Amino acid sequence: MTHDSEVEVPATTTPFQQLLQSGSVRLAAAAAVDFANVNRVKLTTDTATILAEERDNS
């Protein structure tokens, strides 16, 4: 730590490692995601009805 209470990053770390340490990025998932297995939701109303309701509320 510096006298300004800031964490000093060693010069040997890369910019990516600095982001990783700060929590700004995360590592990729170990396995690929199969989007075919995502549960789908079917709307009970159509888009026109939703838009009409939104226009009435604004």
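**Exercise 1.** With which side chain does the side chain of T13 make a polar contact?

*Solution.* Begin by placing the residue in this predicted model: T13 belongs to the segment before α1. Next, look at the polar atoms of its side chain, where a polar contact at 3.4 Å joins T13 to the side chain of Q18. Finally, widen the view to the residues that T13 touches, leaving aside those up to four places away in sequence, and Q18 and Q21 are found.

**Exercise 2.** Decide whether T13 and F16 are buried, partly exposed or exposed.

*Solution.* Take T13 to start with: its relative accessibility is 15%, and because the buried class covers values under 20%, T13 counts as buried. Then turn to F16, which lies in helix α1, spanning residues 15–22. The relative accessibility of F16 is 44%, and since exposed requires over 50%, F16 is classed as partly exposed.

**Exercise 3.** Identify the nonpolar surface patch to which F16 belongs, and give its accessible area.

*Solution.* Starting from F16, add L20 and L27, which together with F16 form a nonpolar patch on the surface. The accessible area of these residues together is about 300 Å².

**Exercise 4.** Describe the chain as a whole, in terms of its secondary structure, its burial and its exposed area.

*Solution.* Count the secondary-structure elements, which come to two helices and zero strands. Then consider burial, for which 2% of the 58 residues count as buried. Last, take the exposed area of the chain, about 5,900 Å², of which carbon and sulfur atoms supply 55%.

Methods:
Residues are numbered from 1 along each chain as its sequence is written. This is a predicted model: local features need pLDDT of at least 70, side-chain atom pairs count only at pLDDT 80 or more; totals for chains, interfaces and linings use all residues. Side-chain values use heavy atoms; hydrogens and water are left out. Patches are made of residues with over 30% relative accessible area and no salt bridge: like charges are joined within 9 Å, nonpolar side chains (Val, Leu, Ile, Met, Phe, Trp, Tyr) within 5 Å. Accessible areas come from the Shrake-Rupley method with a 1.4 Å probe; for residues, only the protein chains shown count as cover. A salt bridge is a side-chain nitrogen of Lys or Arg within 4 Å of a carboxyl oxygen of Asp or Glu. Helices (H or I, at least four residues) and strands (E, at least two) are DSSP runs, numbered from the N terminus. Buried means under 20% relative accessible area, exposed over 50%, partly exposed in between (1.4 Å probe, protein chains only). A polar contact is a pair of N or O atoms within 3.5 Å; within protein, one must be able to donate a hydrogen and the other to accept it, and residues adjacent in sequence count only if both atoms are side-chain atoms. Contact means heavy atoms within 4.5 Å.
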